[in-house]
Amino acid sequence: MAYYVPSTEFEQQEMLEKAGVKAFDDLFAAVPDSLRIKGLNIPDGLSEFEARGRIEAIARKNRSFKSVFRGAGAYNHYIPAIVKQIASKEEFVTAYTPYQAEISQGVLQSIFEFQTMMCELTGLDVSNASVYDGASAAAEAAGMCRDKKRSAVLISESVNPIVSSTIKTYCYAANAAVKTVPLKDGVTDADALASMLDGASACFYMQQPNFYGLIEDAGKLGEAAHGAGAKFVMGVNPIAAAILKTPAECGADVACGEAQPLGMPMAFGGPYLGFMTATAEMSRKLPGRIAGQTSDIDGKRAFVLTLQAREQHIRREKASSNICSNQALCALTASVYLTALGPGGLRSVAESCVSKAHYAAGKISAVKGFGLLHGGEFFHEFVTSCPRDAASVEKSLAERDILGGLPVPGGLLWCVTEMNTKEQIDSLAEALKEGAI
Amino acid sequence: MKLSFEKSRKGRSFPVLPLLDVPKKDLPGELVRKTPPRLPEMAQPDISRHYTELAKRTHGVNDGFYPLGSCTMKYNPKLNDEMASLPGFTGVHPLQPPETAQGCMEVLFEAEKLLCEITGMDAMTFQPAAGAHGEFTGVLLIKAWHDSRGDKKRTKIIVPDSAHGTNPATAGMTGYQVVNVPSGADGGVNLDELKKAAGDDTAGLMLTNPNTLGLFDKNILDITRIIHEAGGLNYYDGANLNAVMGIARPGDMGFDVVHLNLHKTFSTPHGGGGPGSGAVGCKALLEPFLPKPRIVRGNGAYSFEDPGQSVGNVKAFYGNFLVTLRALTYILTLGANGLADAARNAVLNANYMMKALSDVYDVAYPGICMHEFVLTLENLKKERGVSAMDVAKSMLDYGMHPPTMYFPLIVKEALMIEPTETESRETLDEAIAVLREIRSRAGADPQKLHDAPLGTPVRRLDEVGAARRPVLKYNFDGNG
């Protein structure tokens, strides 16, 4: 079936003749006979009606929980209606990378606005147009800090394990060493960090809030890294960034993170949005696209992809990153989200997360056997012990339409956002109580 | 037009969240930032108009012909987008218990099975988020394979001089030295040079076939054999798979690992730069090294499994899941015949256009092309001073997106044209007429072409100034 091919068989025949051949086969003369297959061993095509039915049936095999108390790198937040509507505009959805600036001012300006917002959130000077996700952003950020003399990357053990696994994979590729800085009371052990840093250390990477939800003393860790001549890289949650000390205030050279909380659904892990900002000094090491302001020949303000001398299509094997496509539509989504909420709205999302998480922590930890594991300040995630097999707790909560905390070593990692009502939190605590009996 | 920051007025907002229903908790002051981020403060109607204005200044596939070579700008079917917005998919947390995410896992499992058949591979991962990310993953598999055999002498990756910039950049990122092999007079890999380059330091070869000149390398079986005999592996850059899907398979050509651009060949939209998907398929010998986790089926259910010698993660979770879902929808709708039919018509449309332009423009490699072809404007530049840039910019005034310019690097004043199969004959005829008209203007009044475009929201930009004096964010203290 010629699904999205407009030309009819009759037209195709005429076009073949105009192209100077008799049949389709003649167009593939360069393909050796031995390589030409008779046909693919996959089913015949479906009508739109049937295909819709197939996919909808598959969707019904999933469960979307009414109450979600799980984060660990993917967060359940409210998405204002305007965000999805704007991010579905066909012009944005169906455009390629804005190589032709004259007819791409819309995308380019939206990138410029996104870069500005990311700089505002992190306090740093320069942002790129996005990378694949928070984990690959962390790996790219570590890559920015490496040079011939300093190639080892230090990662705190309090970093999300998927993020540290990604950094390690990139370091394996680059033949660079990775060291893991141990924990003390759920946060990075600053003394251990100081003793592990040396002349071969390229950077120290930490996460704020960390994987267990705790707020680290980032300024102190940054000082330790700088004291040894290493760069300081912070992975940050963009919602928390609305109220926490900025990476700039903590002395970070590079900040990065996962911006999925800014208007993207959880969607089984993607598409999400990696962001990266850096000090002006590091700007020419940033990977990926960057939009800049300039003017056209009539003197009109305009935007264009710039500083391309960093990129793969110019530097080829000397480029520090090979990134080409990024997550532009997700960056646009985040921009619309941040514009819709504004500074006050974003702050209230963050405050709601903090308040509800603390309320929930109080409720949950009041249930016997679910005590808080750590004493430090936290944002919207925290770990409690778990008196029973974590999988059985997970299962009994699922029966009440609750996605409970993620089983982690030592207990359960809970996440509470503005989406969780007081009623949901109270029912969760009740369910845990009942289950314990 | 103004930036959102310039439209911002203090105090404007609209209520999104309800009032707090729990006691307010404040974090200690020493943990809190000094000043709030200066985000725009706008009313909802103005936000809506702001982005409509931006959309009007953006050219997508739906706005007109988009023959951007190597990017396969085909139509993005609406059904795919609708399926990707089903709450049954968007509301699933990536770390849910597997028994509650069986539908998502089925999507990935089914897409893997179908795309393995389409490419002739044994296993596939959807974790890589884009083509270049797929290249990185694929070459890492090659690296891990050599390492697992204790073969440490392989330090080089061979890349033809017609390759995309991402290929050598990928080799660099994965710790390899790049050996460039020149193309022969026919545009294919020069076999003698390849034989000279291949040796016991060869880790692998990265190749696009059809290549960036739009030519299928007729010596492909010799090429992959030379690399295998030297002990290396063959990497297939799937950027140009649209020409041969359902016709021939990289797995049968001697390739050990491929990446696909689901946002090109399999019709998922490109979103102004992404998200895409750089799915990586491999032969069984590389399967143990794939990123973790993999999805397996047993006892009537799907579960996760980490491959024994996995290279780890190249990003979090399972890739751009909703992109994979769109691609699966596409494959299910087209089916075996529809995919081959798409490839055939992509090749037909390219040949139809090339033939209709070949009397007024120089085709870099005349003959039959695959899904794209390259014009060289070297003579036009010499004779009339009209460059590939001038012709491209002139197309903008006709509401068309120009072809890829100045690539591949081995063709001077190159314009690389890829019409795709979803364009009608009338659209192709119109584009042909426009390009012919521009060519005749180049003879009569070249200055007009140097001045183009005239009718776009902005005209040619000062790109040198942009790079020399970078302004990369809004200046709140008076925009300079």
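These legends walk through several close-up views of a predicted model.

**View 1. Two helices from different chains meet: helix 3 of chain A and helix 11 of chain B.**
Here, helix 3 (residues 48-59) of chain A packs against helix 11 (residues 321-357) of chain B, with the axes 10 Å apart and at an angle of about 140 degrees. That angle makes helix 3 of chain A oblique to helix 11 of chain B. If you like to track handedness, helix 3 of chain A passes helix 11 of chain B in a right-handed crossing. Who does the touching? From helix 3 of chain A, look for A:Ala51, A:Arg54 and A:Ile55. From helix 11 of chain B, the contact is made by B:Leu325, B:Leu328, B:Thr329, B:Leu332 and B:Thr333. Sorted by class, the contact of helix 3 of chain A with helix 11 of chain B has five nonpolar, two polar and one charged residues.

**View 2. Within chain A, helix 6 packs on helix 12.**
This pair stays inside chain A: helix 6 (residues 105-122) and helix 12 pack with their axes 9 Å apart, at an angle of about 45 degrees. An angle like that makes helix 6 of chain A oblique to helix 12 of chain A. The crossing of helix 6 of chain A and helix 12 of chain A is left-handed. On the helix 6 side of the contact, find A:Ser110, A:Phe114, A:Met117, A:Met118 and A:Leu121. On the helix 12 side, the contact residues include A:Ala331, A:Leu332, A:Ser335, A:Leu338 and A:Leu346. The residues in the contact of helix 6 of chain A with helix 12 of chain A split into nine nonpolar, three polar and no charged.

**View 3. A salt bridge in helix 12 of chain A joins A:Glu351 and A:Arg347.**
Stay with helix 12 (residues 328-365) of chain A, where A:Glu351 and A:Arg347 both lie. They form a salt bridge, and their closest N and O atoms are 2.8 Å apart. In the sequence, A:Glu351 and A:Arg347 are four residues apart, about one turn of the helix. Is A:Glu351 buried or exposed? With 16% relative accessibility, A:Glu351 counts as buried. Its partner A:Arg347 is partly exposed, at 38% relative accessible area.

**View 4. In chain B, helix 5 holds the salt bridge of B:Lys113 and B:Glu110.**
Over in chain B, the side chains of B:Lys113 and B:Glu110 meet in a salt bridge, 3.3 Å from N to O. Both residues lie in helix 5 (residues 102-119) of chain B, three residues apart, about one turn of the helix. B:Lys113 is partly exposed, with a relative accessible area of 44%, whereas B:Glu110 counts as buried at 14% relative accessibility.

**View 5. A salt bridge between distant parts of chain B: B:Arg249 and B:Glu117.**
B:Arg249 forms a salt bridge with B:Glu117, and the closest N and O atoms are 3.3 Å apart. How many residues apart are the two partners? The pair is 132 residues apart and links distant parts of the chain. B:Glu117 is in helix 5 of chain B, and B:Arg249 is in the loop between strand 5 (233-237) and helix 10 (250-253) of chain B. B:Arg249 counts as buried, at 17% relative accessibility.

**View 6. Two cis peptide bonds in chain B, at B:Pro293 and B:Pro453.**
The peptide bond from B:Lys292 to B:Pro293 is cis, with omega near -5 degrees. You'll find B:Pro293 in the loop between strand 7 (280-282) and strand 8 (294-298) of chain B. The bond from B:Ala452 to B:Pro453 is cis too, with omega near 0 degrees. B:Pro453 sits in the loop between helix 15 (446-451) and helix 16 (463-468) of chain B.

**View 7. Positive phi in chain A, at A:Ser130 and A:Leu307.**
A:Ser130 is not a glycine, yet its phi is positive, near 125 degrees. Its place is in the loop between strand 2 (126-127) and helix 7 (134-145) of chain A. A:Ser130 is buried, with a relative accessible area of 0%. A:Leu307, also not a glycine, has a positive phi of about 50 degrees. Look for A:Leu307 in the loop between strand 12 (301-305) and helix 11 (312-315) of chain A. A:Leu307 is buried, with a relative accessible area of 5%.

Technical notes: Residues are numbered from 1 along each chain as its sequence is written. Chains are lettered from A and ligands numbered from 1 in the order in which they are written. This is a predicted model: local features need pLDDT of at least 70, side-chain atom pairs count only at pLDDT 80 or more; totals for chains, interfaces and linings use all residues. Side-chain values use heavy atoms; hydrogens and water are left out. Axes are lines fitted to C-alpha atoms, for helices over the stretch in contact, and angles run from 0 to 180 degrees between N-to-C directions. Angles under 35 degrees count as roughly parallel, over 145 as roughly antiparallel, 65 to 115 as roughly perpendicular and the rest as oblique. A crossing is left-handed if the near helix is turned anticlockwise from the far one by less than a right angle, and right-handed if clockwise. Contact means heavy atoms within 4.5 Å. Ala, Val, Leu, Ile, Met, Phe, Trp, Tyr, Cys and Pro count as nonpolar, Asp, Glu, Lys and Arg as charged, and the others, Gly among them, as polar. A salt bridge is a side-chain nitrogen of Lys or Arg within 4 Å of a carboxyl oxygen of Asp or Glu. Buried means under 20% relative accessible area, exposed over 50%, partly exposed in between (1.4 Å probe, protein chains only).
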